[in-house]
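Me: Please take a close look at one part of this model for me. Start with the overall build of the chain, then move to a single residue and its surroundings.

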Amino acid sequence: MPKLELVCPAGTPASLHAAVDAGADVVYLGFRDETNARNFPGLNFSRDELRQALDYAHERGTEIYVAINTFPKAGNPGPWHRAVDDAAALGADAVILADIGLADYAARTHPGLRRHLSVQASASNPEAIRFYKEAFGIRRVVLPRVLTVPEIAALNRQVDIETEVFVFGGLCVMAEGRCALSSYATGESPNMNGVCSPASHVRYVDEGDRMVSRLGNFTINAFANDEKAGYPTLCKGRFVTGGKARYLFEEPVSLNAAAMLPELMAAGVTALKIEGRQRGRAYIAQVVAAFRAAVDAAAAGEPVPAADLSAVTEGQRKTTGAYNKTWR
Amino acid sequence: MKDAQAKLSMGPVLFNWPADRWRDFYFRIADEAPVDTVYVGETVCSKRAPFHAPHMPEVIERLQAAGKEVVLSTLGLIMNGREMHQLRETAEGGADFLIEANDIAAVSLLRGRPHVIGPMINVYNEGTFGYLVRGGARRVVLPVELSADSIRVLAAHGGAELEVFAFGRLPLAISARCYHARSHDLSKDNCRFVCERDLDGMDLDTLDGEAFLAVNGVQTMSYSYCSMIGDLDRLREIGVGRFRLSPHSGDMVRIAAAFRDVLDGRLDVAAADEIIAEETGDMPVSNGYFHGVEGVALKGRLANLPVE
């Protein structure tokens, strides 16, 4: 079995250096605008920074993928087309796309540029994947976080294309690219603006006996004084249904599928993706190094070392998410 | 577009209504509702489809006999071989029907023949719109997030008719996980079909008692009911000629008549809004997405109606 490729995030040049130095096979990043799904203040790369990043990475045998994975605004495709043009001109190793129109543009304008399908395109079955492959020459699909490992294995038997799966980091519980919860409360969404539950719409209200986190006009969670107040990501909030308060959509957990690497290899997956372009350099260095060791061990047929990542994940609980059917 | 008569569609029933209720709903729509088109078929959860399947032929027959255009709606998130098989059967068996695609798999299967792009397909811009039109899309039901500015651009592109979600709780997200089951401490595989108990979805409140969202199995919806009744003029002006009413437990014949009458100038917006309030049990309404703000907001004429 070929070794799994390790695809790691970077939101800044410093994080990119950390990821490359820690053993990333690939670093993925975005331009500093609404064309990518981590459009946060102070994050992402200018064209110059991408040029320097490509030099740094390529000298060390690491590739760079550019995520251009939001949906162009009607009447203003320019920023998205330019992002594809510039990624191609600067020599990026691949672009990661979600929008049909943009994939069509990239295929027609830059046939030589390697094209991957973003998780935001939500291609969760062989027919959808075949469509993107045949229509736009997509070479790899990042699978939505809705499939179990047996479903991923079955899918890989039916499609002739590389697949990439998330193994660590923040976990969308909805099918990615098909969620408008954030814009319902704030007006800004992953698809349109590259943000989910944006900080500009977050407020923490200290009520003395409890700290309330709000998103737009809605309470997302409330914490006692001895609890740590988490960020109010909408689908990780506490809500009331049937008279009972609970984390209905998902607890504030993050994904860690390190222990499943051998199964994912056997399922025919090509690449593993680590979430977290918004994370700092220290986090990136630790997580990438841990997964470098895990991937190498899995490839050698050795037990995957149990990496201690609790320091960087703030003691958050871990889940293997949809990879286990019981999650549903 | 402005000069042609605006059309009304009855969207697919998004909730898990008991099979008899589901059948009787469509019978009544066939006999009494002033709508041009009716969408039939499960879009949310493949586990529900077998309950309605036995009634499907008689429902379609009744609708067609009443002169309605029938469109077969298909599943929104296809994740396994069984769901893929269902979709293929619909696509191959439904050669005489328009079919509404809600997963890219359906877009793929329907390419080259006339079809409808459903609201769960991401059509945000003219590049995607044009591509789908070249593939045979004759009608595109737009994603609920789109603002008037975006809709205007797509309308100007032409090539396919636009349909805009105009009434009902907004479908906002879909997941592999069933939140109805989870709320009842069950899993999706052993769900006992608890979603059947909530005809309009299960209300979800914040910890502070603010009504926020509604759960419909694997789908998450708005608590508020989208109502474009005060925006129909503007929608017509920018080139939208078809409006989708999403079925709820209130009297959809009366709601359809209210939309028809406003479009035809026989009823004013305030009176129609009153009818909607009666039929929804005074639920809050929203139209924020169209006005370029958060979806939950209420803007424009509906926000400025005098309070009785």
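Reply: Chain A has a radius of gyration of 19 Å, and a compact globule of 328 residues would have one near 20 Å, so the two agree. Keep in mind that this is a predicted model. Along the principal axes, the C-alpha atoms of chain A fill a box of roughly 60 × 50 × 40 Å. Burial fits into this picture: 55% of the 328 residues of chain A count as buried. Contacts reach far along the sequence too. Take those in chain A between residues at least 6 apart: 62% of them join residues at least 24 apart.

Chain A is built from ten helices and 16 strands. The chain is divided into two parts. Domain 1 covers 5–171 + 253–327, and domain 2 covers 196–246. The centres of these two domains of chain A, taken over C-alpha atoms, are separated by 30 Å.

Now the single residue, Tyr124(B). It sits in a chain B loop, between strand E5 (115–117) and helix H6 (126–134). Tyr124(B) counts as buried because 25 other C-beta atoms lie within 10 Å, and the cut-off is 20 or more.

Its contacts involve both chains. Leaving out residues up to four places away in sequence, Tyr124(B) touches Phe71(A), Pro72(A), Ala74(A), Asp99(A) and Asn191(A) on chain A. On chain B, Tyr124(B) touches Pro143(B) and Ser150(B). Val70(B) gives a distance marker within chain B. It lies 54 residues from Tyr124(B) along the chain, and 26 Å separate their C-alpha atoms.

Definitions and conventions: Residues numbered from 1 in each chain as written. Chains lettered and ligands numbered in written order. Predicted model: local features only at pLDDT ≥ 70, side-chain atom pairs only at ≥ 80, totals over all residues. Helix = DSSP H or I, 4+ residues; strand = E, 2+ residues; numbered from the N terminus. Buried ≥ 20, exposed ≤ 12 C-beta atoms within 10 Å, placed from the backbone. Contact = placed C-beta atoms within 7 Å. Domains from an automatic or database assignment. Rg over C-alpha atoms; globule rule 2.2 N^0.38 Å.
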